[in-house]
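Here are some friendly notes to read alongside the model. Please keep the structure open as you go through the points.

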Amino acid sequence: MIKILIVEDEKPIADLIDWNLSAMGYQCEKVYDGLAGADLIEENCYDLVLLDIMLPGADGYELLQQLRPTGTPVIFITAKGSVEDRVQGLRAGADDYLVKPFEIVELVARVESVLRRAGKAQERYAVGDVVVDPKAMLVTKNGRPVTLTHKEYELLLLFLRNPNIALFRDTIYQRVWETDLETDSRTVDLHVQRLRRKLGWSDRLKAIYKVGYRLEVEK
């Protein structure tokens, strides 16, 4: 199981990140100050560390220097959003840089991207009797292959990477079709309907009125 350390002094943000990533099957550990983070980094090995920069005790740059010899990927999550701050963070060795406030869907996408580049991407997803192996691009239900179109498969991955999160239709369209949502387009709705039918997810893929859809999974 992929282990992620969250070092963030704003408890609601740390808890939100922890809850969402844990729901995806990641093993998360969180602390709220730099010194506690430094102790955990010294004692444990992690596949990814999410670091705030402005931390009590020891700041994110100090922890980044502690992590660099281990080769552990790091994503800075911070309110310091100027171009100069971003450049400084990336030049210091961070693998990515996310500015607060952020959407959870963007955080999840960046976590997935950094883990893929590090060769540590999650091997598979399992929701009920549906199992998805991203490396093999294989979807099974009760052990039997399910045939999906390319867009249906990308839509499925988007929901799996954002469990229990209400996704706006325009967000879904931008992520899967990589362009802005067309006016009155029913493309997203039609693809969701087909996904529900093929996976038997009428009770899992919930429509959110005037918003979009949410994949409901047990944590």
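1. What should the 14 residues of H5 span at 1.5 Å a residue, and how far apart are its end C-alpha atoms? The expected span is 20 Å and the end C-alpha atoms are 20 Å apart, so the two agree. That expectation is 1.5 Å times one less than the number of residues. Helices (H or I, at least four residues) and strands (E, at least two) are DSSP runs, numbered from the N terminus.

2. A word on the source: this is a predicted model, in which local features need pLDDT of at least 70 and side-chain atom pairs count only at pLDDT 80 or more, while totals for chains, interfaces and linings use all residues. Residues are numbered from 1 along each chain as its sequence is written, and side-chain values use heavy atoms, with hydrogens and water left out.

3. Back to H5: its buried residues (under 20% relative accessible area, 1.4 Å probe, protein chains only) include Ile104, Val105, Leu107 and Glu112. After H5 comes glycine 119, with a positive phi near 70°.

4. Do look at the loop between strand E5 (96–99) and helix H5 (104–117), where proline 101 lies. A cis peptide bond, with omega about -10°, joins lysine 100 to proline 101. Most peptide bonds are trans, and most residues other than glycine have a negative phi.

5. Methionine 137, in the loop between strands E7 (130–133) and E8 (138–141), has a positive phi near 55°. Methionine 137 is exposed (over 50%; partly exposed lies in between), at 53% relative accessible area.

6. Lysine 210 also has a positive phi, about 60°. Lysine 210 sits in the loop between strands E11 (205–208) and E12 (212–215) and is exposed, at 68%.
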